[in-house]
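Student: Could you help me read the cavities in this structure? I'd like to go through them step by step.

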Amino acid sequence: MAQNGQVFRLDGGDCTYAFGVNEHGELQPLYWGGRIGTRDAIPAANSNPEMASFDSPYTTTPQEYAGWGAGLFTEPALKITFADGNRDLVLHFVRATQNGPQALEILLKDISREVYVTLRYSIDPESGILARSANIENKDKQSLVIEQAAAAQWTLPAARYILSYLTGRWAGEWTLNQEPIQGGERVIESRRGTTGHQANPWFAISLDDSQKTTGTIAAGEEHGEVWFGALAWSGSWRFTIEHTQLDAVRVTGGFNPFDFGYKLNPGEHLETPVFYGGYSDHGLGGASRLLHRYELAHILPRAPNPKLRPVIYNSWEATEFKVDEPGQVALAEKAASIGVDRVVMDDGWFGQRKNDHAGLGDWYVNPQKFPNGLKPLIDRVHALHMDFGLWVEPEMINPDSDLYRKHPDWVLNFPGRPRSESRNQLVLNLARPDVRDYVEGFLDKLLTENDIAFLKWDYNRNWSEPGWDQVPIDEQKRVYVEFIRNLYSILADLRKKHPNVEIESCSGGGGRVDLGILRYADEVWPSDNTDPFDRLSMQDGFSYAYPPQVMMAWVTDSPHWLNGRATTLTYRMLSSMQGSLGIGANLNHWTTEDFATAKRLIAAYHSVQPTIVGGDLYRLISPRDTSEQSATETVSRDKHQAVVFAFSHSTQEGRGFPLLELQGLDPEAQYALTFIEGKARAGTPTTASGAWWMNHGLQLDLRGDFQATALHLDRQP
Ligand code: GLA
C-alpha cells in the first residue's frame with residue numbers, strides 16, 4: 001500500500017515534472033520547471049503545517065488531484081455526492097505503474113469508499129509537454145454523482161506571475177489578455193455545451209519581470225519562464241486560476257462543474273479529457289513553438305505528418321446561399337486559373353435551403369439548384385485538377401425541415417418549455433444513440449456516394465435548454481459528456497471509413513477550436529471576420545495556442561463587409577498567407593490584374609508554404625494594442641529557410657519601419673534575401689550571414705496605410 005516519501009518524476013525536452021506521496025498518503029506536487037540533473041534528488045513531499053485554526057494542512061498543502069473533503073477550501077479536482085448523502089472525499093495514494101520512462105499511472109482511492117481515481121501522466125521526450133487526465137471509477141455497490149471533475153491541477157511555486165488567456169466573440173475571436181495573477185480566483189470557461197468563441201481552453205503563466213524592473217507588467221515574448229496548458233475538450237469547460245493564500249498559483253481545469261452531475265452506477269467510470277501542459281524558459285514565443293511542434297507531431301489526425309493544406313476557393317462571402325451548378329462551375333474555372341487546389345461549396349446546396357430559415361437536417365441535394373446531383377460539378381472541378389469539398393452542419397436542425405417535422409423530440413429541450421432558437425435553428429441531441437447514428441449515417445452516405453475530399457463541418461449556435469428526457473432523471477446531465485463523446489466517435493468512424501477525407505472544424509468562425517476537436521479536424525476556421533487588418537491581431541492571438549498549419553485564412557472582397565475597410569488585394573493576400581491560404585472573394589468581380597496578382601502570390605505561397613505552416617514562429621512585432629506595425633518570421637526546422645511578413649497599418653510623421661532583428665537562423669550560414677512583395681532599404685545586402693540578419697537586422701522600406709511586405713531568406717550551399 002501507500003509508500004509515503006515516494007517521489008515520481010518525468011523528464012522530457014527541457015522540462016522536469018515531479019510529485020510525491022506525503023506523510024498522510026496524499027499526492028503532492030513537488031516540481032515543474034526546467035530540466036534538472038538525472039542524479040539530482042528531489043526532496044520528498046511534506047505537507048504544510050497548520051498555519052492557523054482556519055486553514056488545515058489539507059487546504060494549505062497543494063495536491064496533485066484534490067478530493068473535496070476534510071476541510072478543503074481551495075478548488076477541488078473531484079467532488080462527489082454518494083448515494084447515502086456523504087459528500088466527503090479524501091484521496092490517498094495506492095500504487096504507481098510505470099509505463100516506460102515517459103508514462104506513469106497513479107492509483108488513488110478514497111480513505112473508506114470504493115472510489116478509485118487513476119491519474120495518467122505522459123511526457124513527450126522532445127517538447128517536454130505533459131499529457132494528464134484522470135479516470136474515476138465507482139467500485140462501490142451504490143451509485144454516486146460526480147459534481148466536479150478536473151482533468152488535472154497544475155501547481156506553480158510562490159512568485160509573481162502574469163496570466164495570458166484568449167477571449168472573444170463572434171467575428172472577434174482570439175484576443176490575447178494579459179494580467180497579473182492576484183489574490184482570489186480567475187475563472188475562464190464555457191457554459192455553452194461547446195468550446196465557445198468567448199474564451200478558449202488555453203492559458204500561459206509567465207514569471208512577472210516587473211518584480212525586477214518597472215511597475216508595468218511584462219510577460220517576455222522571447223525570454224523568461226512560462227508554464228502553459230491546453231485542454232482537449234469541445235464541450236463546456238472551466239479553468240480556475242487560483243492565487244492561494246500562500247502565494248502559490250494553481251490551475252484546475254476540466255469539465256465545467258456548472259450544471260454538471262455525472263451519475264456513475266456501480267462498475268462505471270468517467271474518463272476526463274486530457275489537459276496538456278508545458279514549460280519553456282524562452283518566453284511566450286518559446287512556449288508557442290513547443291506547443292505548435294507538439295500539435296503537429298501528436299495531436300492532428302495525420303500527425304506526425306499533417307499534409308499541407310490545399311489552397312481553397314470558397315464562395316460563401318460572394319454568393320451566400322445562392323449556390324447552383326452553373327454559378328459554382330464558373331467560379332471553379334476562375335479559381336483554377338490562379339492555382340487553387342480545392343473548391344469548397346458552402347451552405348445552401350441541400351434541402352430547401354434558400355436562407356438560414358430552413359433546411360438544416362435535410363441532407364439531400366437540392367434538386368432545383370443541382371438537377372443532376374453534385375456529380376457534374378464535382379467532375380468539372382476534378383477536370384480542372386482540383387478536388388472538391390462540401391459544407392455541412394450535422395448537429396443542427398431548422399424547425400422548418402422534414403427531419404424536425406418527423407422527429408421533433410430529437411433536439412435538446414425540456415418538455416413543455418420553449419425551445420430557444422438561434423439563427424432559426426435548434427441543436428440535435430447527439431447524446432441520443434438514434435440521433436448519433438442518423439448523423440453518422442447521412443454523412444457516411446454523402447461521402448460514399450460523392451467524390452468529396454473535404455468537409456467544412458460547421459456548428460452555428462450554442463446550447464439552450466439542455467434537456468435529455470429519454471434517460472432517467474438522474475442521468476440527464478450526462479448530456480454534457482455524451483454529446484461530445486458521440487461527436488468524437490462520429491468523426492473517428494468517418495475518418496476510418498473515408499481515410500482520405502479531410503475535415504475543417506468551423507463554428508460560426510472560431511467557436512470550436514481546441515485540442516479535442518483537433519484530433520479529428522485537419523484545420524479550423526478561426527473567424528467569420530475576414531478583414532485582413534483585423535485578422536492580423538486574431539492570427540497573432542491564435543498563434544499563442546495553435547499552429548499556422550490549421551489556421552485557415554481567406555482573401556475576401558474589399559471594402560470588407562464587416563468594417564467597410566478598403567485594402568489592396570496584395571495586402572489581403574499577404575495577411576492570409578500567414579496561415580493556410582484560401583480565396584473567398586467574388587471572382588466574377590476581379591480584374592485581369594487581380595487574377596495576375598493572385599496567381600503570382602499563390603505560386604509564391606506554394607513555394608514557401610512548408611516553412612510558414614511547419615516552421616518555428618517568431619512574433620517579431622505585435623499587431624496588438626493599436627500597434628502601427630506588425631511582423632512575423634517563421635524558420636524551417638532545418639534552418640534552411642525563413643519567411644517574413646511585415647505590415648504597416650498607418651505610418652505617422654514619416655517614421656520608418658522598425659528594424660527587424662531576425663531570429664532562429666544559423667549564425668554561421670549565409671542566407672540570400674528574396675522579396676515576394678516589397679523591398680528593403682537601399683544598401684541592404686542580398687546575401688549575408690545568419691548572424692548579420694539576426695544582429696545587424698533588416699531595414700524594410702515599408703510605409704503607408706495597410707501596406708505589406710513578404711520575403712524569404714534561403715540558406716546558401
Ligand atoms: C458560418 C460559417 C461561415 C459560413 C456560414 C454558412 O457562419 O462560419 O463560414 O459557412 O456559416 O451558413
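Student: How many residues of each class, nonpolar, polar and charged, has the lining of the largest cavity?

Tutor: Start with the classes: Ala, Val, Leu, Ile, Met, Phe, Trp, Tyr, Cys and Pro count as nonpolar, Asp, Glu, Lys and Arg as charged, and the others, Gly among them, as polar. Here the lining has 9 nonpolar, 6 polar and 2 charged residues. This is a predicted model, where local features need pLDDT of at least 70, side-chain atom pairs count only at pLDDT 80 or more, and totals for chains, interfaces and linings use all residues. Residues are numbered from 1 along each chain as its sequence is written, and side-chain values use heavy atoms, leaving out hydrogens and water.

Student: What is a cavity, and which residues lie nearest the centre of the largest cavity?

Tutor: On a 1 Å grid over the protein atoms alone, a cavity is a set of points where a 1.4 Å probe fits but cannot get out; lining residues have an atom within 4 Å of a point. Of the 17 lining residues, Gln539, Asp540, Gln578, Leu617 and Thr632 lie nearest the centre. Helix 9 (532–545), strand 30 (616–621) and strand 31 (629–635) each give two or more residues to this lining. Helices (H or I, at least four residues) and strands (E, at least two) are DSSP runs, numbered from the N terminus.

Student: Which strand gives the most to the lining of the second largest cavity?

Tutor: Strand 16 does, with 4 residues. Residues lining this second cavity include Glu75, Arg238 and Phe255, and the lining divides into 4 nonpolar, 5 polar and 2 charged.

Conventions
On a 1 Å grid over the protein atoms alone, a cavity is a set of points where a 1.4 Å probe fits but cannot get out, and a pocket is an open set with protein on both sides within 12 Å along at least five of seven lines; lining residues have an atom within 4 Å of a point.
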